[in-house]
Amino acid sequence: MLLPAISATDQEADLVDQFGRHISYLRVSVTEHCNFRCEYCSPEEGTPYFDRDDHLRVEEYDRLIGLFAHLGLRHIRFTGGEPLIYPHLLPLIESAKRHGIGKISVSTNGLLLGRLAQKLLAAGVNNLNVSMDSLQAGTFAAITRGGDLLRVQQGIEEAVQAGIPRIKINVVLLRQHNGAELPALVAYAIGKGVDIRFIETMPLGLAGSAAQDGQYLSAEEARQLIAERYPLEPAEAQADHGPARLFLVPGTQTHVGFITPISDNFCATCNRVRLTAGGRLVYCLGQEAGIDLLPLLRGGQGDGSVAEAVRRGIWQDKPQKHFFVSDPGRSARIFMMRLGG
């Protein structure tokens, strides 16, 4: 049974770690599976099989969303794998809205967005990120190992027409694949009236480590390449904009952002934790530290006990920073598609 909505007066103090960072953002992976196999994210053979009984059920997701809302959650993002292939995504979005979470985001590869854009908006999505690493069909298919660029672009158009607020295109910086396309990708975003983010590759899993070794392009170099065609004016960041350094293209509504986990990490302001489809709460994208919540949920623990375990785990075990540069082997063990990015 789904939990009733939580009133603002019922909410408890924010989650906080021992470094004074307040945790208000939860990324929720609803599946490890994906209809793409991007070379920086997935093994070429695809995702291993995970037994359905090892996954959170809809009512368990709803319970945890309610608990985190009690604990001060203000932003939730549904990820995967590819979240749009998960059959119960819309009820979970409605759950987040019912529990009073103000910012509800979805990250998607866009392949199924065309048929779901209106439904996502109606359910409560007010922030949408779509991955699109190239405007060249052949390059896009190579990066995604078979993805259909036209369908993704049609999905972006449907999302724009549906009126979903705050649409962003996410581009992973890959020197050989898209290093020469960056100004064209900005032009595409301007034409659609959406924002765009450029993200440095990270050594997550064998796929991410290989991309990091062979394709790394820094955000600063990317900014310089884009600035040769488009002047970029530093933009004032909103409180919930995330770690991107933002610039405005003059004369447009398009913000260009650069996310720099390698060249200039933002760990000191990290406000997020991640929930896997298997019910593990992970404290840092680049490390394995976390707590398995599924046994607590199915072992008869009350909401207060689960909430206290979350509070204690974040306080004691959320690390100060990742070690992508100084010790990349730590993150090489992480399976990106299972963690949810």
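Me: What share of the 341 residues of the chain counts as buried?

Reply: In this predicted model, 53% of the 341 residues of the chain count as buried, and a residue earns that word when its relative accessible area is under 20%.

Me: What makes Phe198 a buried residue?

Reply: The relative accessibility of Phe198 is 0%, and because buried means under 20%, Phe198 counts as buried. Phe258 is also at 0% relative accessibility, so Phe258 counts as buried by that rule.

Me: Why is the pair of Phe198 and Phe258 called stacked?

Reply: The two rings lie 5.8 Å apart, centre to centre, with 25° between their planes. Because rings pair when their centres lie within 6.5 Å and count as stacked when their planes are under 30 degrees apart, the pair of Phe198 and Phe258 is called stacked. Phe198 lies in strand β8 (residues 195-199) and Phe258 in strand β11 (residues 255-259), so the pair ties together parts that are 60 residues apart in sequence. Ring pairs also link Phe247 with Phe198 and Phe258 into a cluster.

Me: Why is the pair of Tyr61 and Tyr86 called edge-to-face?

Reply: The ring centres of Tyr61 and Tyr86 are 6.2 Å apart and the planes stand at 70°. Because the distance is within 6.5 Å and the angle is over 60 degrees, these rings form an edge-to-face pair. Tyr61 belongs to helix α1, while Tyr86 sits in the loop between β4 and α2, 25 residues away along the chain. Both Tyr61 and Tyr86 are buried.

Me: How do you know that strand β3 is largely enclosed by the rest of the structure?

Reply: The answer comes from counting its residues: 5 of the 5 residues of strand β3 (residues 25-29) are buried, so the strand is largely enclosed by the rest of the structure. Both faces of β3 are covered, with Tyr25, Arg27 and Ser29 buried on one side and Leu26 and Val28 buried on the other.

Me: What makes β3 and β4 paired strands?

Reply: Strand β3 is joined to strand β4 (residues 75-79) by 5 bridges, and the two run parallel. Because at least two bridges are needed, β3 and β4 count as paired. One of the bridges sets Arg27 opposite Arg77 of β4. Strand β3 is also joined to strand β12 (residues 272-275), in parallel, by 4 bridges, where the bridge partner of Val28 is Leu275.

Me: Which residues touch the most other members of the largest nonpolar core?

Reply: They are Phe78, Phe198 and Leu281, in a core of 85 residues. Helix α1 (residues 58-70) gives this core its largest share, 6 residues.

How values were computed
Residues numbered from 1 in each chain as written. Predicted model: local features only at pLDDT ≥ 70, side-chain atom pairs only at ≥ 80, totals over all residues. Heavy atoms only, no water. Buried < 20%, exposed > 50% of the residue type's maximum accessible area, 1.4 Å probe, protein only. Core = buried A, V, L, I, M, F, W, Y, C linked by side-chain atoms within 4.5 Å. Phe/Tyr/Trp six-rings, centres within 6.5 Å; stacked < 30°, edge-to-face > 60°.
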